[in-house]
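Dear colleague,

I am handing over the structure we spoke about, and I would ask you to open it beside this message. What I found in it follows below, in the order in which I would look.

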Amino acid sequence: MNVTIRGRPRPYRTVGFDRKCNGVRLIEQRLLPHEFRTVLTPDHTATAAAIRDMIVRGAGAIGATAAYGLAQGVREFRGASLVRFDRHVERVFRTLKEARPTAVDPVNAMVQVRAAMAAGANVPERQALALEAAERFADEDVAHCRAIGEHGAPLIRAGMRVLTHCNAGWLAFVDIGSATAPLYAAQAAGRNFHVFCDETRPRCQGASLTAWELAQQGISHEVIADNAAGHLMQRGEIDLVIVGSDRILGRTGDAANKIGTYTKAVLAKHHGIPFYVAIPLSTIDWDLTRGSDIPIEERSAEEVLGAWGVTARGRREHVRIANPTSGARNPGFDVTPAPLITGIITPAGIFRPGGLWRSRARLGGPIR
Ligand code: MRU
């Protein structure tokens with residue numbers, strides 16, 4: 001999407017690869033919306049650290065970062081022995097996989113890269129195939145988000161008020177975003193609507209990232225406190241909810257997403273408001289059978305006990321909010337059960353959550 005810096009719009013992707021220095025180029029998302037900067041990770045361990053420390057975040061974006069990180073790690077290998085090469089690839093794969101546990105996109109992305117590499121007869125061929133496959137994953141992510149926009153746009157009628165939670169915008173993908181794709185497509189079709197961005201404590205991806213994205217694109221929006229959605233729903237001020245997901249179970253339609261999503265889904269059901277989840281195909285987990293089996297990331301208590309912000313002088317600072325002697329619990333995600341979800345917007349169309357498995361052939365699922 002376009003980012004306007006010092007009055008000049010320029011197109012950016014969240015993730016890219018620099019072949020010359022074998023580095024992964026990332027937007028430093030922790031600094032947004034106060035500063036726009038890109039960084040280059042020099043090796044695969046730095047790429048894994050960038051995922052873990054949330055320089056890059058969001059399911060599709062960390063999927064593409066892991067794909068590039070695997071290609072990067074594979075290109076770091078020196079030697080001709082395929083046995084040693086395979087051992088090295090396995091280590092790189094594990095390092096990147098362990099960076100964050102809830103989103104399934106990094107694993108799906110790296111499985112694709114590894115499968116593509118198998119066609120290479122020697123180390124240089126496999127190295128070249130790995131990078132090609134990572135580029136393909138990133139391009140596919142963009143194409144998927146564009147298609148989500150086409151399928152989802154008709155849901156957004158003129159004058160609607162749409163709630164979204166956390167950031168499933170272009171910063172959470174390679175470009176365009178999943179939950180935001182229908183918004184951008186509806187805007188391109190000339191419809192006016194309003195978006196409420198849940199603040200999304202503790203890291204405030206809604207207040208900082210989604211609000212920044214929508215501002216960059218000129219979409220009418222307001223940030224609301226996480227606790228405000230129920231009140232607005234009760235007053236008839238929200239017509240539709242669209243969120244992203246970090247892992248959707250292909251067998252059940254249960255969807256893991258940023259902590260607080262489940263609460264919004266319960267509220268939407270209570271108030272008869274349609275609740276949609278928008279995902280590229282890399283977010284589908286075809287293996288797990290129960291939502292409760294999805295690994296939920298537990299993050300540092302510090303995120304809940306305090307907050308990052310920028311002072312009036314532009315200095316980035318962390319302040320303590322909670323009582324100094326208190327600890328905190330910080331689950332990063334929750335699971336919304338399928339019965340609370342109206343539909344899942346995918347690149348192949350909109351499905352009922354229970355219909356994913358039946359349509360698995362169209363959705364890139366297992367042929368069993
Ligand atoms: O912890 P994050 O910021 O990586 O969480 C990911 C998210 O932003 C959300 O859960 C999002 O809605 C789905 S990711 C496309």
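Please keep in mind that this is a predicted model. I began with the shell of residues around the ligand, which divides into seven nonpolar, five polar and four charged residues. In total, 16 residues surround the ligand, and the closest of them are Arg57, Arg100, Asp246, Asn257 and Lys258.

Some of the contacts can be followed atom by atom. A polar atom in the side chain of Asn257 lies 2.7 Å from an oxygen atom of the ligand, and an N or O atom in the side chain of Lys258 is likewise 2.7 Å from a ligand oxygen. With Gly58 the backbone takes part, since one of its polar backbone atoms is 2.9 Å from an oxygen atom of the ligand. Taken alone, the ligand would expose 390 Å², and the protein buries 99% of that. The space that the ligand takes up is also the largest cavity.

Where does the ligand lie with respect to the two domains? The domain assignment of the protein gives domain 1, residues 2-145, and domain 2, residues 151-355. Both of these domains give residues to the shell around the ligand, and therefore the ligand lies between them. The C-alpha centres of domain 1 and domain 2 are 24 Å apart, and where the domains meet, 37 residues of domain 1 are in contact with 39 residues of domain 2.

With best wishes

Notes. Residues are numbered from 1 along each chain as its sequence is written. This is a predicted model: local features need pLDDT of at least 70, side-chain atom pairs count only at pLDDT 80 or more; totals for chains, interfaces and linings use all residues. Side-chain values use heavy atoms; hydrogens and water are left out. A residue is near a molecule or strand if one of its heavy atoms lies within 4 Å of it. A polar contact is a pair of N or O atoms within 3.5 Å; within protein, one must be able to donate a hydrogen and the other to accept it, and residues adjacent in sequence count only if both atoms are side-chain atoms. Accessible areas come from the Shrake-Rupley method with a 1.4 Å probe; for residues, only the protein chains shown count as cover. On a 1 Å grid over the protein atoms alone, a cavity is a set of points where a 1.4 Å probe fits but cannot get out, and a pocket is an open set with protein on both sides within 12 Å along at least five of seven lines; lining residues have an atom within 4 Å of a point. A molecule sits in a cavity or pocket if more than half of its atoms lie within 2 Å of its grid points. Ala, Val, Leu, Ile, Met, Phe, Trp, Tyr, Cys and Pro count as nonpolar, Asp, Glu, Lys and Arg as charged, and the others, Gly among them, as polar. Domain bounds come from an automatic or database domain assignment. Contact means heavy atoms within 4.5 Å.
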